[in-house]
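User: I would like to learn how to read the sheet and the pocket of a model. Could you take me through them in turn?

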Amino acid sequence: MTNAAQIPTSFGHELRACLRCRLVKTYDQFRESGCENCSFFKMEEDHERVADCTTPNFTGIISVMDPARSWAARWLRIGKYVPGCYTLAVSEALSEDLQALCEEERVQYHPPKRA
């Protein structure tokens, strides 16, 4: 089985979601171990990146144990990510610099849909 992401250690105001893959963890967890799906952001090496690559503004949480077999994970476009807790939607987009980094790394980035 694939590695799993850390699950949030608390469900308070310190929760944040990765702006690219929507993985949800606490600020401290992102600072200590980065994002399991987006290691190229190197959040654990550059702590300011945590604020740049994550947001506290998101809607809903889904826990995914087997992303490849979950219809909900596929519908949310997280079927290829590691098992973990994900948000249903984020309201902010990655900065242009970080979007360019995604392109350089050849990873897809889907900006949030405008309401």
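**Reading the sheet and the pocket**

Analyst: Three strands, where strands are DSSP runs of E with at least two residues, numbered from the N terminus, form an open sheet in the order S2-S1-S3 with antiparallel pairing. Strand S2 (24-26) and strand S3 (54-55) are at the edges and have a single partner strand each, so one side of each lacks a neighbour in the sheet. This is a predicted model, in which local features need pLDDT of at least 70 and side-chain atom pairs count only at pLDDT 80 or more, while totals for chains, interfaces and linings use all residues. Residues are numbered from 1 along each chain as its sequence is written, and side-chain values use heavy atoms, with hydrogens and water left out.

User: Over how many bridges do S1 and S3 pair?

Analyst: Two strands pair if DSSP finds at least two bridges between them; here strand S1 (residues 15-18) and S3 pair in the antiparallel sense over 2 bridges, and Cys18 has Thr54 in S3 as its bridge partner.

User: Which residues lie nearest the centre of the largest pocket?

Analyst: A pocket is an open set of points on a 1 Å grid over the protein atoms alone, where a 1.4 Å probe fits, with protein on both sides within 12 Å along at least five of seven lines, and lining residues have an atom within 4 Å of a point. The largest pocket is lined by 21 residues, and Arg20, Arg22, Leu76, Arg77 and His110 lie nearest its centre. S5 gives the largest share of that lining, 3 residues.

Conventions
Helix = DSSP H or I, 4+ residues; strand = E, 2+ residues; numbered from the N terminus.
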